[in-house]
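Me: I should like to go through the reasoning behind the descriptors of the structure shown below. Please set each value against its criterion before drawing a conclusion.

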Amino acid sequence: MAAEVVFSNSKFVVNSADLSAYVTDVTLNYGSESQDASTMGTATRKHKGGVKDWSIDVTFLYDCSTGGPEAVLFGLEGTTACVEYRPINACTTDSRPAYHGIATMFNGPIGGSYGGLLKFTTKAQAYGVLTRATAS
C-alpha cells in the first residue's frame with residue numbers, strides 16, 4: 001500500500017528564522033543537467049547526468065513585521081543564506097527527510113488577486129550542495 005501524506009505542515013527556515021507559519025506553497029526542485037553522449041551511428045540518443053542543480057520556490061502570506069518573511073528576506077536579496085526545508089515538520093527519519101544547503105536568495109513579486117490575501121514569493125537558488133538528512 002502506498003503512503004498517503006496530506007501536505008499541511010512543512011518547515012522552511014532561512015538563517016535560523018523559521019518562516020513556516022507564513023508558507024502557503026513550497027516546492028523543492030532537484031535534478032541534474034542532461035548531457036547528450038550520442039555519437040554517429042547511435043540509433044538512440046544516450047543521455048548522461050551532468051551537474052546537479054536545486055532550488056526551493058516559496059510563497060508566503062505577506063507580513064513585513066519583524067520576523068515576518070518580507071522583513072527577514074528583503075535584506076538577503078542576491079546574497080547567500082542557509083536554508084532548510086522539511087516536507088513534514090517533525091524529527092527527521094528515513095521516512096521524513098530534511099533538506100538543507102546554502103542558497104542565493106531571490107525575492108519575487110509582492111501581490112495577489114483582487115479580494116485575495118497579499119502574497120510574497122522567494123526563490124532559494126543553489127550556491128552549494130543540497131544535503132538530505134534522515135536523522136536529527
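Reply: In this predicted model, 63% of the contacts between residues at least 6 apart in sequence join residues at least 24 apart. A contact here requires heavy atoms within 4.5 Å.

Me: What makes the radius of gyration of the protein chain noteworthy beside that of a compact globule of 136 residues?

Reply: The globule rule is 2.2 Å times the number of residues to the power 0.38. For 136 residues this gives a radius near 14 Å, whereas the protein chain has 18 Å. The C-alpha trace spans about 60 × 35 × 30 Å along its principal axes. Buried residues make up 28% of the chain, and about 8600 Å² is exposed, of which carbon and sulfur atoms supply 55%.

Me: Which elements make up the protein chain, and in what order do they run?

Reply: The chain has one helix and eight strands. From the N terminus on, the order is β-β-β-β-α-β-β-β-β.

Me: Why is E5 called largely enclosed by the rest of the structure?

Reply: A residue is buried when its relative accessible area is under 20%. Five of the seven residues of E5 meet that criterion, so the strand is largely enclosed by the rest of the structure.

Me: How do you know that E5 is paired with E1 and with E6?

Reply: Pairing requires at least two bridges between two strands. Four bridges join E1 to E5, and six join E5 to E6, so both cases satisfy the criterion of at least two. E1 and E5 run antiparallel, and E5 and E6 run antiparallel as well. Within these pairings, lysine 11 has arginine 86 of E5 as its bridge partner, while glutamate 84 stands opposite histidine 100 in E6.

Me: Which residues of the largest nonpolar core touch the most other members?

Reply: Of its 19 residues, these are Phe12, Val14, Ile56, Phe60, Leu73, Val83 and Met105. Two or more residues come from each of strands E1 (11–14), E4 (47–61), E5 (80–86), E6 (98–111) and E7 (119–126). E4 gives the largest share, four residues.

Me: With which residues is valine 83 in contact, leaving aside its neighbours within four places in sequence?

Reply: The partners of valine 83 are Val13, Val14, Trp54, Ile56, Tyr99, His100, Gly101, Ala103, Met105 and Ala124.

Me: How do you know how many disulfides the structure has?

Reply: The test is whether two cysteine sulfur atoms lie within 2.5 Å. A search of the whole structure finds zero disulfides.

Me: Why is cysteine 82 called partly exposed, and why is cysteine 91 called exposed?

Reply: Exposed means over 50% relative accessible area, buried means under 20%, and partly exposed lies in between. Cysteine 82, at 47%, therefore counts as partly exposed. Cysteine 91 has 53%, so it is exposed.

Me: What makes the backbone at asparagine 15 and serine 16 stand out?

Reply: Most residues other than glycine have a negative phi. Asparagine 15, although not a glycine, has a positive phi of about 45°, and serine 16 has a positive value near 70°. Asparagine 15 lies in the loop between E1 and strand E2 (17–18), and serine 16 is also placed in the loop between E1 and E2. Asparagine 15 has a relative accessibility of 39% and therefore counts as partly exposed; serine 16, at 73%, counts as exposed.

Note on methods. Residues numbered from 1 in each chain as written. Predicted model: local features only at pLDDT ≥ 70, side-chain atom pairs only at ≥ 80, totals over all residues. Heavy atoms only, no water. Core = buried A, V, L, I, M, F, W, Y, C linked by side-chain atoms within 4.5 Å. Buried < 20%, exposed > 50% of the residue type's maximum accessible area, 1.4 Å probe, protein only. Areas by Shrake-Rupley, 256 points an atom, 1.4 Å probe, with all protein chains shown as cover.
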